[in-house]
Amino acid sequence: MNTNFVISFSAQDKPGIVEQLSNTISGNHGNWLESAMSHLAGRFVGIVVIAISATNYDKLNSALTALSNDDFIISIKAIEDDAGDDIERKSLEIELTGHDRPGIVSEVSSVLNKYNANVEDLSTYLVSGSMSAEIIFKADIVASIADDTNLDDLQEAIESIADDLMVDLHID
């Protein structure tokens, strides 16, 4: 029987990282299930979910440890079964745009937590303003919320963080 594990890594960005990691996983009889990877601040970072049998885990763990060095940091952890809550939830997409300043992610995540929203995906980036040289902060958030969450209240709470923060909410 296979167990699922999450592998997280951070490496100095260069060609061949995915190949090296995937060869190590498949060479030790692991099965690559899901992943998310990105280039951030000169690093290539990611998370990979794999399935592997208990008999092959130690060899894979040793092989991953051998890859790890100052420029390539790797960790592996078993995924524990989580039944989660029994609340009916729906998917919510949030797009934020506003002038960049410290604390936006902290403040938005606090509001989301107040409304019991579970952040499932978060991407943030900075862009140059189209009409000015100002730096604009953008965030794309996918969260799940309880069916009975008042979306108008949630949007108002996020917008109240800053006068110039524009928020679009989309429900699936």
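Let's start with Ser144, which counts as buried at 7% relative accessibility. This is a predicted model, so read every value here as computed from it. Ser144 belongs to strand β7, residues 135–146. Setting aside neighbours within four places in sequence, the residues in contact with Ser144 are Arg89, Lys90, Asn116, Ala117, Asn118 and Glu120.

One of those partners, Asn116, deserves a stop of its own. Asn116 sits in the loop between α3 (104–114) and β6, and at 42% relative accessibility it counts as partly exposed. Its backbone is worth a look too: Asn116 isn't a glycine, yet its phi is positive, at about 60 degrees. For background, most residues other than glycine have a negative phi.

Another residue with that kind of backbone is Ala41, again not a glycine, with a positive phi of about 50 degrees. You'll find Ala41 in the loop between β2 and β3. With a relative accessible area of 83%, Ala41 is exposed, because anything over 50% falls in that class.

From that loop, move to the largest pocket, which has a volume of about 340 Å³. Three elements each give two or more residues to its lining: β2 (31–40), β3 (43–53) and β6 (118–128). The lining residues are Ala36, Met37, Ser38, Leu40, Val45, Gly46, Ile47, Glu120, Asp121, Leu122 and Ser123. Sorted by class, that lining comes to 6 nonpolar, 3 polar and 2 charged residues. Glu120 is a familiar name by now: it lines this pocket and is also in contact with Ser144.

Next, helix α1, residues 17–27. Its buried residues are Ile17, Leu21, Thr24 and Ile25. They cover an arc of only 95 degrees around the axis, so they end up on the same side of α1. Glu19 and Gly27 are exposed on the other side of the helix. What lies over the buried residues of α1? The cover includes β1 (2–12), β2, β3, α2 (54–67) and β4 (72–78). So β2 and β3 turn up in both places, as part of that cover and as contributors to the lining of the largest pocket.

Just past the end of α1, His29 takes a positive phi of about 65 degrees. His29 also leads us on to helix α2, where Asn56 lies. Not counting residues up to four places away in sequence, Asn56 touches Asn28 and His29. Is Asn56 buried or exposed? It is buried, with a relative accessible area of 17%, and that works because the cut-off for buried is under 20%. The side chain of Asn56 also makes a polar contact with the side chain of Ser53, at 3.0 Å.

Now over to strand β5, residues 89–99, and to Leu96 within it. Leu96 is buried, with a relative accessible area of 2%. Leaving aside neighbours within four places in sequence, Leu96 is in contact with Val108, Phe137, Lys138, Ala139, Ile141, Ile158, Leu165, Met166 and Val167. To place Leu96 relative to β3, take Val49: the two are 47 residues apart in sequence, and their C-alpha atoms are 29 Å apart in space.

Glu93 is in β5 as well. At 32% relative accessibility, Glu93 counts as partly exposed. Its C-alpha is 9.9 Å from that of Val119, a residue 26 places away in sequence.

Ile158, one of the contacts of Leu96, takes us to the last stop, helix α4 (residues 151–159). Leu151, Leu154, Ala157 and Ile158 are the buried residues there. Looking down the axis of α4, you see them fall within an arc of 125 degrees, so they line one face of the helix. The face turned away from that buried side carries the exposed residues Asp152 and Glu156. Asp152 has a part in how the helix begins, too: Asn150 caps the N-terminal end of α4, with a side-chain oxygen 3.0 Å from the backbone nitrogen of Asp152.

Terms used: Residues numbered from 1 in each chain as written. Predicted model: local features only at pLDDT ≥ 70, side-chain atom pairs only at ≥ 80, totals over all residues. Heavy atoms only, no water. 1 Å grid on protein atoms, 1.4 Å probe; cavity = no way out; pocket = protein on both sides within 12 Å on 5 of 7 lines; lining within 4 Å. Points joined across faces, edges and corners; volume = space filled by probe spheres on them. Helix = DSSP H or I, 4+ residues; strand = E, 2+ residues; numbered from the N terminus. Nonpolar A, V, L, I, M, F, W, Y, C, P; charged D, E, K, R; others polar. Buried < 20%, exposed > 50% of the residue type's maximum accessible area, 1.4 Å probe, protein only. Arc of directions from axis to C-beta. Contact = heavy atoms within 4.5 Å. Polar contact = N/O pair within 3.5 Å; in protein donor to acceptor, adjacent residues only side chain to side chain.
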